[in-house]
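Open the model in your viewer and keep the sequence panel visible. The stops below say what to select and what is there.

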Amino acid sequence: MYIVNRMVNYISGQLDLTFSALGDPTRRAIIQRLASGRATVKELASPFRISLPAISKHLKILEQAGLLTRTKEGRTHHCELNTMPLKEANEWIVWHQQFWEQRFDALEQYLHSSDQPPSSKESSS
């Protein structure tokens, strides 16, 4: 049981980091850009009207969430997307979507069946 709880806590913690990192539109735009391939910090910063230190803070949050890896070549920092946390978040979303769709389908069936008038055998007794 302890191992399972540790795993759940790890997954939950990773999901929290992922969803928190994706909660900002600037970081989502950076992720979207990195989906096209590796980029330098300056390339990532160019579409935004914010300072390089502000972009660096966003990149650090994405890096802490495991969504990107940063490498240094000389004085240039390159960033690359790590899709594993996104895949894990997607699996979590899909599982919960299926879970709730099944529950709502069952509720809908129940409500429709309770709308049916009683059969003639039940009403005559």
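Select Leu111, which lies in helix α5. This is a predicted model. Leu111 is partly exposed, its relative accessible area being 44%. Now add Trp100, Phe104, Leu107 and Tyr110 to the selection: together with Leu111 they make a nonpolar surface patch of about 570 Å².

**The rings of helix α5**

Keep Trp100 and Phe104 selected and show their side chains. Both residues are in helix α5, which covers residues 84–115, and they are four residues apart, about one turn of the helix. Which other residues join these two in a cluster of ring pairs? The cluster links Trp95 and Phe99 with Trp100 and Phe104. In the whole structure, a search finds four aromatic pairs.

Start with Phe99 and Trp100. Their ring centres are 5.0 Å apart and their planes stand at 90°, so this pair is edge-to-face. Phe99 is partly exposed at 22% relative accessibility, and Trp100 is partly exposed as well, at 45%. Next, move from Trp100 to Phe104: this aromatic pair is tilted, with 5.9 Å from centre to centre and 35° between the planes. Phe104 counts as exposed, because its relative accessibility is 51% and exposed means over 50%.

**The whole chain**

Clear the selection and colour the model by secondary structure. How many helices and strands does the chain have? There are six helices and three strands, and along the sequence they follow the pattern α-α-β-α-α-β-β-α-α. The chain has 125 residues, and buried residues make up 22% of them. Its accessible surface is about 9,500 Å², and carbon and sulfur atoms account for 56% of that area. Among contacts with a separation of 6 or more, 54% are between residues 24 or more positions apart.

**The nonpolar core**

Nonpolar side chains tend to be buried together in soluble globular proteins. To see the case here, select Ile30, Leu34, Leu44, Leu59, Leu62, Leu67 and Cys79. These belong to the largest nonpolar core, which has 16 residues, and they touch the most other members. The elements that each give two or more residues to this core are α1 (2–22), α2 (25–34), α3 (41–45) and α4 (52–64).

Centre the view on Leu44. Leu44 is in helix α3. Is Leu44 buried or exposed? Leu44 is buried, with a relative accessible area of 2%. Apart from its neighbours within four places in sequence, Leu44 is in contact with Ile30, Arg33, Leu34, Ala39, Leu59 and Cys79. Measure from the C-alpha of Leu44 to that of His78: the two residues are 34 apart in sequence, and the distance in space is 9.5 Å.

Then go to Cys79. Leaving out residues up to four places away in sequence, Cys79 touches Leu34, Arg38, Ala39, Val41, Leu44, Leu59, Leu68, Thr69 and Arg70. Two of the names in this list, Arg38 and Arg70, return at the next stop.

**The salt bridges**

Side chains of opposite charge can pair when their charged atoms come close. How many salt bridges does the structure hold? It holds two.

Select Arg38 and Glu73 for one of them. The closest N and O atoms of this salt bridge are 2.4 Å apart. The pair links distant parts of the chain, 35 residues apart: Arg38 is in the loop between α2 and β1 (39–40), while Glu73 is in strand β2 (residues 68–73). Arg38 is partly exposed, with a relative accessible area of 39%, and Glu73 is partly exposed at 45%.

Now select Glu63 and Arg70, whose side chains meet in a salt bridge with an N to O distance of 3.3 Å. Glu63 counts as partly exposed at 31% relative accessibility. Arg70 is partly exposed too, with a relative accessible area of 24%.

**Last stop: Gln14**

Finish at Gln14, in helix α1. Gln14 counts as buried, because its relative accessibility is 13% and buried means under 20%. Show the residues around Gln14: aside from neighbours within four places in sequence, Gln14 is in contact with Ala65, Pro85 and Glu88.

Conventions. Residues numbered from 1 in each chain as written. Predicted model: local features only at pLDDT ≥ 70, side-chain atom pairs only at ≥ 80, totals over all residues. Heavy atoms only, no water. Core = buried A, V, L, I, M, F, W, Y, C linked by side-chain atoms within 4.5 Å. Buried < 20%, exposed > 50% of the residue type's maximum accessible area, 1.4 Å probe, protein only. Contact = heavy atoms within 4.5 Å. Salt bridge = Lys/Arg side-chain N within 4 Å of Asp/Glu carboxyl O. Phe/Tyr/Trp six-rings, centres within 6.5 Å; stacked < 30°, edge-to-face > 60°. Patch = residues over 30% accessible without salt bridge, like charges linked within 9 Å, V, L, I, M, F, W, Y side chains within 5 Å. Areas by Shrake-Rupley, 256 points an atom, 1.4 Å probe, with all protein chains shown as cover.
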